[in-house]
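Work through the exercises below with the structure in view. Try each task before you read its solution.

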Amino acid sequence: MTSPQPVEDLLRELAPQVLAALTRRYGRFGDCEDAVQEALLAAARQWPEEGVPENPRGWLVTVASRRLTDEIRGETARRQREARAAALLPPEALLAASPAEDLSSDQDDTLTLLFLCCHPALSPASQIALTLRAVGGLTTAQIASAFFVPEATMAQRISRAKQSIKSAGATFSMPPESERAGRLQAVLHVLYLIFNEGYTATSGPDLQRSELTAEAIRLGRDLHRLLPDDGEVTGLLALMLLTDARRLARTQPDGNLVPLAEQDRSRWNAESIAEGVALITQTLSRARLGPYQLQAAIAAVHDEARRAEDTDWRQIVALYELLTSLSPNPMVALNHAVAVAMVDGPKAGLDLLGSVETDERMAGNHRLDAVRAHLLEMAGDRVAALASYRAAARGTISLPERRYLEVRAARLDDRS
Amino acid sequence: MKYVVLIYNNPATWEALPATERDRVLGIHNRIIKELSESGELIRVDGLAHPANTKTVRLRGGAAVVTDGPFTEAKEQLAGVWAVDCDSIERAIEISAPVAEYDTVEIRQLMDLSGLEM
């Protein structure tokens, strides 16, 4: 008997390779994806009991191919009964693939699959679901429970995503060189969203959620192995490692959030920090600068401070200035204002907030109110800070954030 | 983003509708529910029994005090609840608008257990 964990890890690693082999042979991405999922489920049932076959990848390819050819034969028979046109595929394509075939360029295959799953015709929610299933090898049930929706809802979303890919005419091939940078951006964004989805969970069934974080990092590592010279790929991996390193310290056992300044830094994961710092240091010196690298660099400055008061805020301000010039957005401006307040005092931070307040994208955003509240509190304006904390608490849809903001407000209120 | 769509109506208005009109409106409901379940946005959908079946409960002095009938005395009462998971509030409004012909629809966002430290 083999224990389930190594089997699951092995299946997750093989999933994209098997799917790529099938899709390259048969086309029909959607049907191949279903067939591979069934083969993975069969393996997850059988292997822990009967042992892992000698050639696990070949086993999966064979089982998935059989499923698919059964499916195609059934379809063909139906079509013939209806006296329609000839079968979709030449007869030799209906034979199950021999396991050794078509497994040459696994590396490019994973990348091609990622590009396909993050196709611009799909909504972010669909890109995420499809990536987790087709590339990550997670089951529909696992994805559904991670996103707190019923399995039927998630199954529909995945099947709709595959239909959209089909009707967009996308095939299993690398996008042309001219589109590649834009498509890679989409892939990075999807990995980042998966990571955040897992990282920001504070309570509830957090087991499934930290699985998402781990999955995003695993896919990030894969991508980094495939594109080691891409600065943003490295930057994203470093950012995820440096952020995830603080996971244990960021919440209390009751699910309450602990602000960065109050976290017990001895609980940060030193190994992840070392790896993230090494990655970002190495890539900053040679790759073209980008937003993920800058965010990773900022995370590294925080992670390298042994105590909150040792934080090199000047360096953080400089990094936010670079980030603002590279990809200006109001959330970056908010964080920039906080950093400036730490260097030049709350008044300077509040002045900077002025520009964010006029940004339409921030209208009614509770984070603006929360940052204003902090800076007003730093400045000693208790009454205005209290009002801003309360506005922020009303604006958030996050239960832990609301609790945190209400506690801050109550603390000020008690002093009146 | 997850929302509940709360559908309120006046049972008397509904009862007074001709059968054909009622069928037409129910057809719209069914069409939307089918579309939402096919797109993977529907979490669940429930219709509520007539408000006459309502019990209202209050705990007073440690004992449950139960009265018949709904908590609010308005003519408009909660008639149905959908839970949806969609990309934006605009999408939630788009989904809900077609059923708000005789009914009034209220869209409430569900709280999330996740959050960022500040």
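Two residues are in contact if their C-beta atoms, placed from the backbone, lie within 7 Å. This is a predicted model: local features need pLDDT of at least 70, side-chain atom pairs count only at pLDDT 80 or more, and totals for chains, interfaces and linings use all residues. Residues are numbered from 1 along each chain as its sequence is written, while chains are lettered from A and ligands numbered from 1 in the order in which they are written.

**Exercise 1. The contact between the chains**

Task: find how many residues the contact takes from chain A and from chain B.

Solution. Start with the counts: chain A gives 26 residues and chain B gives 17 residues. Next, look for the elements on the side of chain A. Helices (H or I, at least four residues) and strands (E, at least two) are DSSP runs, numbered from the N terminus. Helix 7 (151-167) and helix 18 (399-414) of chain A are the elements that give two or more residues to the side touching chain B. Helix 7 of chain A supplies the largest share, 5 residues. Last, sort that side of chain A by class: 14 residues are nonpolar, 8 polar and 4 charged. Here Ala, Val, Leu, Ile, Met, Phe, Trp, Tyr, Cys and Pro count as nonpolar, Asp, Glu, Lys and Arg as charged, and the others, Gly among them, as polar. For the complex, the predictor gives an ipTM of 0.85 and a pTM of 0.86.

**Exercise 2. The build of chain B**

Task: state which pattern chain B follows along the sequence.

Solution. Count first: chain B has 3 helices and 6 strands. Then read along the sequence: the pattern is β-α-α-β-β-β-β-α-β. Now take the dimensions. The C-alpha trace of chain B spans about 55 × 45 × 20 Å along its principal axes. Finally, check burial. A residue is buried if 20 or more other C-beta atoms lie within 10 Å of its own, exposed if 12 or fewer, and partly exposed in between, with C-beta atoms placed from the backbone. In chain B, 16% of the 118 residues count as buried.

**Exercise 3. Two positive phi values**

Task: decide whether A:Arg28 is buried or exposed, and do the same for A:Phe148.

Solution. Take A:Arg28 first. A:Arg28 sits in the loop between helix 1 and helix 2 (29-50) of chain A. A:Arg28 is buried because 20 C-beta neighbours lie inside 10 Å. Its phi is near 40°, a positive value in a residue other than glycine. Most residues other than glycine have a negative phi.

Turn to A:Phe148. The loop between helix 6 (140-146) and helix 7 of chain A holds A:Phe148. A:Phe148 has 17 other C-beta atoms within 10 Å, so A:Phe148 is partly exposed. Phi of A:Phe148 is also positive, near 55°.

**Exercise 4. The nonpolar core**

Task: find which helix gives the most to the largest nonpolar core.

Solution. Define the set: a nonpolar core consists of buried Ala, Val, Leu, Ile, Met, Phe, Trp, Tyr and Cys residues joined through C-beta atoms within 7 Å. The largest one has 127 residues, and those with the most contacts inside it are A:Val18, A:Leu22, A:Val36, A:Ala64 and B:Val84. Helix 1 (residues 4-26) of chain A gives the most to this core, with 9 residues. Now zoom in on A:Ala64. Not counting residues up to four places away in sequence, A:Ala64 touches A:Val18, A:Leu22, A:Ala35, A:Val36 and A:Ala39.
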